[in-house]
Amino acid sequence: MAQSTATSRQNTNRRRAKATQTNEPSFDWVAALDRWFTDKRSSLTLGAFMMLVGLGLLIAFISYLLTGNADQSVVDAALNVSVRTNGAEAKNSLGLLGAYFAHVFIFRWFGVGALGLPVIVFLSGYKLAIGKELLPLARTTKAIIFGMLWISLFTGYFVLTTDSVVEGSVWCGGIGYELNALLQSLLGWGSLAIIGFMLFLFVVFFFNVTSLPWLNSLTTRAEKQDAVSDGTLADYGDDEDEPEPQAETARPDISGRNSSSQSNGHDPKSTVDSSKPVINGTDQYEITGVKESTVGTTLIVKNAPTEGEEPPSTTPTFDVDVLEDDLDLVATHGLYDPTLELPNYQYPIADLLTDYPNKGKAQVSEFELEENKNKIEDTLLKFGIGIKKIFAEVGPTVTLYEIIPADGIRISKIKNLEDDIALSLAALGIRIIAPMPGKGTIGIEVPNKNREMVSIRSVLTSEKFTRANMDLPIVLGKTISNEIYVADLAKMPHLLMAGATGQGKSVGLNVLLTSLIYKKHPAQLKFVLVDPKKVELTLFNRLERHFLAKLPDTDEAIITDTKKVVNTLNSLCIEMDNRYNLLKDANCRNIKEYNVKFVNRRLSPEKGHRFLPYIVLVIDELADLMMTAGKEVEQPIARLAQLARAIGIHLVVATQRPSVNVITGLIKANFPARLSFKVTSKIDSRTILDAGGAEQLVGMGDMLLSSNSDIIRLQCPFVDTNEIEEICDFVGNQRGYDEAYALPEFAGDEGGNSDDEKDVDLENRDPMFDEAARMVVLHQQGSTSLIQRRLKLGYNRAGRIVDQLEVAGIVGPFTGSKARDVLFHDVQQLEEHLKRMSN
């Protein structure tokens, strides 16, 4: 043994000597790795990399939950198709690699529990990079790993028992499903008890649980109840842990006398008031009824403090006067009814609308359906795409052919055949939906040769609309399955509409307004109508004293002038702020809660409170306003879209040019519901819907609605001009309010647009006057917005500087939507002019 060891050492020495003679360096990997890990730079870079990986995995996993079905074919073909081709088709936010990793960790292993893995990676990277722990890393890692496994098991049980492996495999993953299959075969339903016991074990050991206090409390309570029944309650004493029952407490009556019903030995008569007014705007003290006894009248108040007990610090004090006022008002006058100002108002009737008896459902014969099916099958077979099954559903405008492709067919291959299918069917507007949301099929929409005209009467008289229990119900049309689609504008909460000229956009606005007029009383709803084209919404002028709102001292209720549009939008912002102040004073979160309190007479008009009607702002052509006013229009629209939902102001904005300079990112981000009629290009479709398809519509009211990440094809109802006139005459001939609903006054700065503002004192010039003058001459653009943007000034101050520049002869007079003319073309000449002004 010693001899072999010595021989080994000699061989090692010979190799080292040989390496030295031949100048071969000897590299110590262990020492190098040790130096690398102890280097702070290495820890920082590795930690940052792990944090990046953690975030990337989280994004990939979440994206997979949304697009996993679409990426299934991409993942399956990962080894058979080139990376460039396959990666271009991946829908995952992190491309092909993200789709593959998410597929492995979610689909094959842990299901949604895999979302904990990026957290572990991120926390580990944070500790390496920063040197600190956001959370105790070891303990958090244990908890997350257990959570991943347990969630996979728990969801896998329900996926297995409900036989929903196709839809639910993404929730449990392969591990959860296979383990449950094993447990199910061994224990049956008892496997759920095992899964629950695993959670119990983890909680006990992870949180060091040694007793169950709630079980002891239940035991003590049961013993106490037994003692009550035996009459030996005194042996137990007072139980400090036993909460006092929150029963209805008899409080002193409004005259100040005590009225305990037990003290007189009478069984009082109880009368419950269904209105249940709440004291001081909270649910802490709630009037639930009135008791009458020989002593007097007593209010029954839920959760009221007992005798001698101080009210909670987080709630208002108990005020008998408030109780008396609320009770007397409701008892004397009943609930407040805002419609009593127009008590004889009649809602429009169905006879005002034209009945089209000959316009039934779209006529698509069985022969036409079979012929189209065969053409679709033949076209797909030419390109090597087999079909298991195909079936059709006839809609008012298009027929939806749903196909189930053969196994192994890539969805993208069918998508690319849109033009070929259109050619074979000799039809325009073919749209392929691959895959159909919530279905395992691919949809092909083919326009009908004889399309159905959906009349406004047929949808407004339908049971679905007449019984719609919504705040602002609007009927948008019929779906492909011939169902009437009714939406709640209050929940949208704003609607952005787009469409090329003549495709039904203005008709869609008329349908929306008609729907609301048929369902709402003038006291509950007001319109602010903006019509830059001056001809589309003028028919609604007759509703001025019923449904319209406008600025004070304004002649026309329909707003057509750009300057008045800007003032109206800013006035709506003031109305929004005023309403929020009312909600704040009333301790309410939204208009519904506020109006309920006002109707129950719990808010005093003497303190400025009033019933708040919904306000719907309708803008018929945004593109024209953006061209003429730009930021002056964009900013208040964006502010209203961001904040106005809770206080009942909702926006409906339409444009025929859905380009990015009209529908800016600031506006688009605050309009989750978008409606598109036919547009001219795929770029316009993506601008309005964030998806293609609107360019494939067939016009005449054919539209796509994007809401809650779903895109629905609808046929807009048709309402004729004569029908709008009949409705407006019917409402306008009734008694209305004395004047239109008045919006708050807005004193806008016109930037020197009137002769009165030309009286400017140049002796008191703005401190930024010289700098603004140099900038205007340098850019050769005399506009208020340029000064406001470049010098970071408010609009009013920038407008005053423009007035001073005009009086000083540096810029020309106001010329409407165009920038003012700059009268100096050289900075040197300007400097000489400024010196003369200073002297």
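1. Burial first: of the 839 residues in the protein, 46% are buried, meaning under 20% relative accessible area, with exposed over 50% and partly exposed in between (1.4 Å probe, protein chains only). Keep in mind that this is a predicted model, where local features need pLDDT of at least 70, side-chain atom pairs count only at pLDDT 80 or more, and totals for chains, interfaces and linings use all residues. Residues are numbered from 1 along each chain as its sequence is written, and side-chain values use heavy atoms, with hydrogens and water left out.

2. On the overall make-up, there are 30 helices and 19 strands; these are DSSP runs numbered from the N terminus, helices being H or I of at least four residues and strands E of at least two. Take the contacts (heavy atoms within 4.5 Å) between residues at least 6 apart in sequence: 66% of them join residues at least 24 apart.

3. Now the sheet. Nine strands make an open sheet with mixed pairing, ordered 10-9-18-17-16-11-15-14-12; two strands pair if DSSP finds at least two bridges between them. Strand 10 (484–488) and strand 12 (525–530) are the edges, each pairing on one side only. From one strand to the next the twist averages 25°.

4. At the strand 12 edge, strand 12 runs parallel to strand 14 (residues 614–619), and six bridges join them. Here L529 sits opposite V618 of strand 14. Helix 19 (residues 505–519) packs on the sheet, touching strand 9 (473–479), strand 11 (495–498), strand 12, strand 14 and strand 15 (649–655). The direction of helix 19 makes about 130° with that of strand 9; axes are lines fitted to C-alpha atoms, for helices over the stretch in contact, and angles run from 0 to 180 degrees between N-to-C directions.

5. Elsewhere in the sheet, strand 9 and strand 18 (residues 710–715) are antiparallel, paired over two bridges, and K478 is opposite Q715 in strand 18. Strand 17 (residues 702–707) is also joined to strand 18 in the antiparallel sense, by six bridges. S707 has D710 of strand 18 as its bridge partner. The hairpin of strands 17 and 18 has two residues between the strands, and N708 takes a positive phi near 55° there.

6. Helix 19 has a helical partner too: its axis and that of helix 26 (residues 721–732) come within 12 Å and cross at roughly 30°. The two are therefore roughly parallel (under 35 degrees; over 145 is roughly antiparallel, 65 to 115 roughly perpendicular, and the rest oblique). N510, T514, I517 and Y518 of helix 19 meet I724, I727 and V731 of helix 26. By class, that contact has five nonpolar, two polar and no charged residues.

7. Compare helix 6 (residues 95–110) and helix 9 (residues 165–187), whose axes come within 4 Å and cross at roughly 70°. That crossing makes helix 6 roughly perpendicular to helix 9. On the helix 6 side the contact includes W109 and F110, and on the helix 9 side G173, G174 and G176 are among the residues involved. The contact divides into eight nonpolar, four polar and one charged.

8. One residue to look at is K373, in helix 14 (residues 366–382). Is K373 buried or exposed? K373 counts as buried, at 15% relative accessibility. Leaving aside neighbours within four places in sequence, K373 is in contact with I390, F391, A392 and Y401.

Methods
Nonpolar A, V, L, I, M, F, W, Y, C, P; charged D, E, K, R; others polar.
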